[in-house]
Amino acid sequence: MHVHACARGFKDFSPLKLGERFRQEETMGSKENRVEQRLIDGVKALGGRTFKFVSPGLAGVPDRIVILPGGNVHFVELKAPGGKPSELQLRRIAQLRRLDVTALVLTGTDEVEHYLDNLRELMNE
C-alpha cells in the first residue's frame, strides 16, 4: 500500500497513526452505515425509496435522496451519533433549501426514527 502525503503533513502518516485513523473511520463508518440502513428500511416500509446521492464534481451533497409516495422528495445527510456535518455540507443543504426543497441532517438512529414518525403522520393526513 502506498501512502501519498504532502511534505508539511507527512508526520501525520506514521503507520501507527494511519492505523488509528483507519480504525476510527471504520468505526464511524459502520455506525453511519447502521443509521443509513435504518433510513433505507424505514422509507421502504412506507412505500418509498432512497437513492445514494453522488454528484461528481460537486462535493458536500447530502448522502441520500428520499422519494415518497405522492411525489415528496427529501435530501438527507446522515451522521453517526456525535457526528456533525461539515461547513460545505451545511452550505449545500442551505442551497437546496433556498430552492424550496426539503433538505436535512439526521444524526443517529433516534433522529432517523423521529423523521420516520413524522413521515408516517404526514402520510396519514
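Start by selecting Arg49 in this predicted model: with a relative accessibility of 52%, Arg49 counts as exposed. Its place is strand β1, which covers residues 49-52. Now show what surrounds the residue. Apart from neighbours within four places in sequence, Arg49 is in contact with Val43, Ile65, Val66 and Ile67. Add Pro69 to the selection as well: Arg49 and Pro69 are 20 residues apart in sequence, while their C-alpha atoms are 8.9 Å apart in space.

Stay on strand β1 and pick Lys52. The side chain of Lys52 meets that of Glu36 in a salt bridge, at 3.2 Å from N to O. This pair links distant parts of the chain, since Lys52 sits in strand β1 and Glu36 in helix α1, 16 residues apart. Which of the two partners is buried, and which is partly exposed? Glu36 is buried, at a relative accessible area of 11%, whereas Lys52 is partly exposed at 48%.

Two further salt bridges are worth a stop; the structure holds 5 of them. Select Arg38 and Glu113, whose closest N and O atoms are 2.3 Å apart. Arg38 belongs to helix α1 and Glu113 to helix α3, so their bridge ties together parts that lie 75 residues apart in sequence. Arg38 is partly exposed, with a relative accessible area of 25%, and Glu113 is partly exposed too, with 27%. Next, choose Glu77 and Lys79, which form a salt bridge of 3.4 Å, N to O. Both Glu77 and Lys79 are buried. To finish with the charges, colour Glu36, Lys52 and Arg64 together: salt bridges with shared partners join these residues into one network.

Now hide the charged side chains and look at the nonpolar ones. The largest nonpolar core has 14 residues, and Leu39, Val76 and Tyr115 touch the most other members. Two or more residues of this core come from each of α1 (15-45), β2 (64-68), β3 (72-79), β4 (102-107) and α3 (108-124). Helix α3 gives the largest share, 4 residues. Centre the view on Tyr115 and show its contacts: beyond four places in sequence, they are Leu39, Val66, His74, Val76, Leu104 and Leu106. Then select Ile65, Phe75, Ile93 and Leu96, which are among the 5 residues of a second, separate core.

For nonpolar side chains on the surface, go to Phe51, Ile67 and Val73. They form a patch with about 210 Å² of accessible area together. Val73 lies in strand β3 and counts as partly exposed, at 34% relative accessibility.

Move on to Asp100, in the loop between α2 (87-98) and β4. What is notable about its phi angle? Asp100 has a positive phi of about 60 degrees, although it is not a glycine. Asp100 is also exposed, at a relative accessible area of 73%.

Finally, zoom out and colour by pLDDT. The mean is 83, and 77% of the residues reach 70 or more. Residues 1-19 have pLDDT below 50, and this stretch has 11 contacts in the model beyond near neighbours in sequence. Residues 21-28 also stay under 50, with 5 contacts beyond four places in sequence. In the full view there are 3 helices and 4 strands, running α-β-β-β-α-β-α from the N terminus. Of the 125 residues, 31% count as buried.

Terms used: Residues are numbered from 1 along each chain as its sequence is written. This is a predicted model: local features need pLDDT of at least 70, side-chain atom pairs count only at pLDDT 80 or more; totals for chains, interfaces and linings use all residues. Side-chain values use heavy atoms; hydrogens and water are left out. A nonpolar core is a set of buried Ala, Val, Leu, Ile, Met, Phe, Trp, Tyr and Cys residues joined through side-chain atoms within 4.5 Å. Buried means under 20% relative accessible area, exposed over 50%, partly exposed in between (1.4 Å probe, protein chains only). Contact means heavy atoms within 4.5 Å. pLDDT is the predictor's confidence in each residue, from 0 to 100. Patches are made of residues with over 30% relative accessible area and no salt bridge: like charges are joined within 9 Å, nonpolar side chains (Val, Leu, Ile, Met, Phe, Trp, Tyr) within 5 Å. Accessible areas come from the Shrake-Rupley method with a 1.4 Å probe; for residues, only the protein chains shown count as cover. A salt bridge is a side-chain nitrogen of Lys or Arg within 4 Å of a carboxyl oxygen of Asp or Glu.
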